[in-house]
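Reader: Could you take me through one part of this model in some detail? I'd like to look at the place where the two protein chains touch, and then see what lies around it.

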Number of protein chains: 2
Amino acid sequence: MQPFVSYLQSFTSIPEQSLQALLDLFKPVHLVKNEYYATHGKRAVKLAFLDKGLMRAFYENSEGEEFNKLFFRTPAIVGAYSSLITKTPMIINLQCLTDCEILEATFEDIVALYDDHPRIERLNRKIAEDFFVEKEKREMSLVMNDASERYELFKKEFPGLENDIPQYHIASYLGITPTQLSRIRAKR
Amino acid sequence: MQPFVSYLQSFTSIPEQSLQALLDLFKPVHLVKNEYYATHGKRAVKLAFLDKGLMRAFYENSEGEEFNKLFFRTPAIVGAYSSLITKTPMIINLQCLTDCEILEATFEDIVALYDDHPRIERLNRKIAEDFFVEKEKREMSLVMNDASERYELFKKEFPGLENDIPQYHIASYLGITPTQLSRIRAKR
DNA sequence: CAATTTCGTTTACATATGTTAAGAAATGAA
DNA sequence: TTCATTTCTTAACATATGTAAACGAAATTG
């Protein structure tokens, strides 16, 4: 639980009693490589802390093409956040790129803590704000940078990750084909 | 204040006393067409409710090229949200596309209410969540849809707006040049 | 270790979009 | 209303990226 607690406290300090109430909701789960943690179409009910391993979030269009949206490395919160918030079916998929250890809780159980534990709601607020800021960064990058610049940014944001996952996952994250990524890599 | 109150209550119900404390922080301001409400490089300190008018948020790269990020129509909250949250300089600019009436408050004053008014913090949480969901939608659209599809989505999301603003603003929002938008429009 | 599959690169060609420039149309100012 | 400015469209050409296919390298599996 230690990395999880540190991660949470990095957002805002949480009183011991509230923290304990929150931690009690999380149970460890082991996932194997390539296993899906979430599948689009269903409604998300759980969210998790990624304690060990590597995951990806991706969209899928009607032709079955995949579009990587984000990579998760520890420490991180993983889950179909939009689906949890809006209570509508998930649009994204979450898949393990390696074996993973997660701590999992039911989102509604967390929300139920808010009235008695305002610091937990504050934690959620901070996390939502942080998610928003990250998303805005990526939006800006998609709009302002070309694929070659986005590749450089990717390497900065996920140092070393390029060696741990197939090139086609990176290409998908960059919004280009593996062919084009190969061309960009060949240039320098 | 009525549209503002309705807008806030649409996120979560707020007790009379907390609502009043919040409303007291907001002062009406009039802005004229083309006026900047926020300029990149400075730190944002205020946020506002757009009561009347039309605004745009846009990025600017080092060559001075502009990239529209979002259009705001009433009712909406306008502000450099990322800058307020992270307390770092703004990356975006906010500019009036028409004369505007806004209600403006200092963000820190709002945050200062949270300890005594948990429902105000809840409101902020809900708004942050909502912003995140909207941003994720736009990210998905940028990644999965081509410019022509994004144009159709734009027309659905901002009905009628195409007639109120120059085409080049729409092109910028879609991530293409006015030339390309013109071609897309000519096709059907 | 050998066989099979997966992955990355390259090539040739197609397409969407960018760039520049010109002119037409619309808008705003005098 | 007239003139000047801004906006929109179109054309010609350039470029980034997509598609499809082939091939060799790397990884996986039996």
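Author: Sure, let's start at the chain-chain contact: 27 residues of chain A touch 27 residues of chain B, where a contact means that two C-beta atoms, placed from the backbone, lie within 7 Å. Keep in mind that this is a predicted model, in which local features need pLDDT of at least 70 and side-chain atom pairs count only at pLDDT 80 or more, while totals for chains, interfaces and linings use all residues. Residues are numbered from 1 along each chain as its sequence is written, and chains are lettered from A and ligands numbered from 1 in the order in which they are written.

On the chain A side, the elements giving two or more residues are α3 (81-86) and α5 (118-144). Helices here are DSSP runs of H or I with at least four residues, strands are E runs of at least two, and both are numbered from the N terminus. The top contributor on that side is α5(A), with 18 residues. By class, the chain A side splits into 14 nonpolar, five polar and eight charged residues. For the classes, Ala, Val, Leu, Ile, Met, Phe, Trp, Tyr, Cys and Pro are nonpolar, Asp, Glu, Lys and Arg are charged, and the others, Gly among them, are polar.

Zooming out a bit, chain A has eight helices and eight strands. Its C-alpha atoms fill a box of roughly 55 × 30 × 30 Å along the principal axes.

Both chains also turn up around DNA strand D. It is surrounded by 16 residues, the closest being A147(A), I176(A), Q180(A), Q167(B) and S182(B); "near" means a C-beta atom, placed from the backbone, within 6 Å of the strand. At least two residues each come from α6 (147-157) and α8 (178-187) of chain A, and from α7 and α8 of chain B. The most come from α8(B), which gives six. In this surface you'll find six nonpolar, seven polar and three charged residues.

Those two chain B helices also meet each other. The axes of α7(B) (residues 167-174) and α8(B) (residues 178-187) come within 8 Å and cross at roughly 95°; the axes are lines fitted to C-alpha atoms over the stretch in contact, with angles from 0 to 180 degrees between N-to-C directions. Q167(B), Y168(B), I170(B), A171(B) and L174(B) of α7(B) meet P178(B), Q180(B) and L181(B) of α8(B). That contact has six nonpolar residues, two polar and no charged.
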